[in-house]
Amino acid sequence: MDVVITYDLSNNKQSEVKAEMIRMGYYDGWNIGIVKYTLPSTTLWKKNITLPQALVDMNRAILNVNKIGRAHV
């Protein structure tokens, strides 16, 4: 199954969470020929993943970003 994830965070770490999710294999758009289609900034998609696994990935991305943030304080 393909999954589309849309999220909203109360802090200013949306770009960090997005980067972490992309590192996990999620995409923020796709190409058809020479045309690139881009999703909104807080929307990602991934092929061949279950909904429960996508939720685990999002939670893991948030935890990883929070750990990195605390390490730099």
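Trainee: What share of the exposed area of the protein do carbon and sulfur atoms supply?

Mentor: The model is a predicted one. In it, the protein exposes about 5,100 Å². Of that area, the share supplied by carbon and sulfur atoms is 58%.

Trainee: Which element of the protein has the lowest confidence?

Mentor: Over the protein, pLDDT averages 90, and 92% of the residues score at least 70. Confidence is highest in strand β4 (residues 43-46), at 97. At the other end, with a mean of 86, stands helix α2 (residues 51-71).

Trainee: In what pattern do the helices and strands follow one another along the sequence?

Mentor: The protein has 2 helices and 4 strands. Read along the sequence, these elements give the pattern β-α-β-β-β-α.

Trainee: Why do the buried residues of α1 lie on the same side of the helix?

Mentor: Helix α1 spans residues 14-23, and its buried residues are Val17, Lys18, Glu20 and Met21. They lie on the same side of α1 because the arc they cover around the axis is only 160°.

Trainee: Which exposed residues does the face of α1 turned away from its buried side carry?

Mentor: Exposed here means over 50% relative accessible area. On the face of α1 turned away from the buried side, the residues that meet this cut-off include Ser15 and Arg23.

Trainee: Which residue just after α1 takes a positive phi?

Mentor: Helix α1 covers residues 14-23. Just after α1, a positive phi of about 105° is taken by Gly25.

Methods: Residues numbered from 1 in each chain as written. Predicted model: local features only at pLDDT ≥ 70, side-chain atom pairs only at ≥ 80, totals over all residues. Heavy atoms only, no water. pLDDT = per-residue confidence, 0-100. Buried < 20%, exposed > 50% of the residue type's maximum accessible area, 1.4 Å probe, protein only. Arc of directions from axis to C-beta. Areas by Shrake-Rupley, 256 points an atom, 1.4 Å probe, with all protein chains shown as cover.
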